[in-house]
Amino acid sequence: MTHDTDRLRHEICRVGRSLFERGHVHATAGNISVRLDDGFLITPTDACLGFLDPDRLARVDAQGEQTGGDRASKTLALHRAIYDADAQARCVIHTHSTHLVALTLAGVWSAADIVPPITPYYVMKVGHVPLIAYHRPGDPAVAERVTEAIASAAARGAPIRAVMLDRLGPNVWHESLAAAMATLEELEETARLWLMTQPKPAPLSDAQIDDLRSAFGARW
């Protein structure tokens, strides 16, 4: 085990525990993976993210064959599709965050954007988040739909770093686990704000969003 792989194993466990302790995941819901130079690390199937063992994380080679640890999460195919579709993605986090799932049950703002751009940090840190139509957990068709969403967003010049699986939860990817967790938290908090406010707030204006693009490089 290289020093970097050892560090990533412990970082996956740290992030998993943090998400669990703050209620972003429950029971055995959710999974985390990171991209290695020669494959991937991913949390095992039916593992509780609050009680992960770094030595039992599943290790998978570049071809998707497991080479160590407990049996890999059934969402491995989806994680690999995200890595293939976005070369900058170094990690993926999937949760069943309460307010985001509740949002899909109540009705999202639109299929292209599950919530409107109501805060500057949502625009700056999250960006567009499309809804992926319901499929059963582990359905390989989800990977195809997510790949299409990533390609479509890139073609529009507004790359995404998250999608929302209808009735299941978000998948968020980034260049580090810390950055992915922060993006997930901002996404969940924005869903909570949107659900709890009445009347619904107006989105930021085009001029305000242009200002965020200019000042902070927001990818909206």
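The expected span of a helix is 1.5 Å times one less than its number of residues. Keep that rule at hand for the exercises below, which all use a predicted model.

**Exercise 1. Work out what span helix α5 should have, and compare it with the distance between its end C-alpha atoms.**

Solution. Start with the residues: α5 covers 141-155, which makes 15 residues. Next, apply 1.5 Å a residue by the rule above, which gives an expected 21 Å. Finally, check the model: the end C-alpha atoms are 21 Å apart, so the two values agree. Just after the helix comes Gly157, with a positive phi near 80°.

**Exercise 2. Find which residues of α5 are buried, and what they pack against.**

Solution. The cut-off to apply is under 20% relative accessible area. In α5, Ala141, Val142, Ala143, Val146, Ala149, Ile150 and Ala153 are buried. Now look for their partners: the buried residues of α5 pack against α2 (76-85), β6 (131-132), β7 (162-165) and β8 (169-174). The helix has charged residues too, and Glu144, Arg145 and Glu148 are linked in a network of salt bridges.

**Exercise 3. Describe the two largest pockets by volume and by lining.**

Solution. Take the largest pocket to begin with: it holds about 370 Å³ of space. Of its 26 lining residues, Asn31, Lys74, Thr75, His94 and Pro137 are closest to the centre. Helix α2 gives the largest share of this lining, three residues. By class, the lining has 11 nonpolar, 11 polar and four charged residues.

Then turn to the second largest pocket, with a volume of about 270 Å³. Its lining counts 18 residues, and Asp4, Arg7, Leu8, Arg35 and Leu36 lie nearest the centre. The largest share, five residues, comes from α1. Here the classes are six nonpolar, three polar and nine charged.

**Exercise 4. Locate the partners of the salt bridges Glu185–Arg22, Arg59–Asp38 and Arg192–Glu189 along the chain.**

Solution. The structure holds nine salt bridges; we take these three in turn.

- Glu185 and Arg22 meet at 2.3 Å, N to O. Glu185 lies in helix α6 and Arg22 in the loop between α1 and β1, so the pair ties together parts 163 residues apart in sequence.
- Arg59 and Asp38 meet at 2.9 Å, N to O. Arg59 is in strand β3 and Asp38 in the loop between β1 and β2, 21 residues apart.
- Arg192 and Glu189 have their closest N and O atoms 2.9 Å apart. Because the two are three residues apart in helix α6, about one helical turn separates them.

Terms used
Residues are numbered from 1 along each chain as its sequence is written. This is a predicted model: local features need pLDDT of at least 70, side-chain atom pairs count only at pLDDT 80 or more; totals for chains, interfaces and linings use all residues. Side-chain values use heavy atoms; hydrogens and water are left out. Helices (H or I, at least four residues) and strands (E, at least two) are DSSP runs, numbered from the N terminus. Buried means under 20% relative accessible area, exposed over 50%, partly exposed in between (1.4 Å probe, protein chains only). Contact means heavy atoms within 4.5 Å. On a 1 Å grid over the protein atoms alone, a cavity is a set of points where a 1.4 Å probe fits but cannot get out, and a pocket is an open set with protein on both sides within 12 Å along at least five of seven lines; lining residues have an atom within 4 Å of a point. Grid points are joined across faces, edges and corners, and a volume is the space filled by probe spheres set on the points. Ala, Val, Leu, Ile, Met, Phe, Trp, Tyr, Cys and Pro count as nonpolar, Asp, Glu, Lys and Arg as charged, and the others, Gly among them, as polar. A salt bridge is a side-chain nitrogen of Lys or Arg within 4 Å of a carboxyl oxygen of Asp or Glu.
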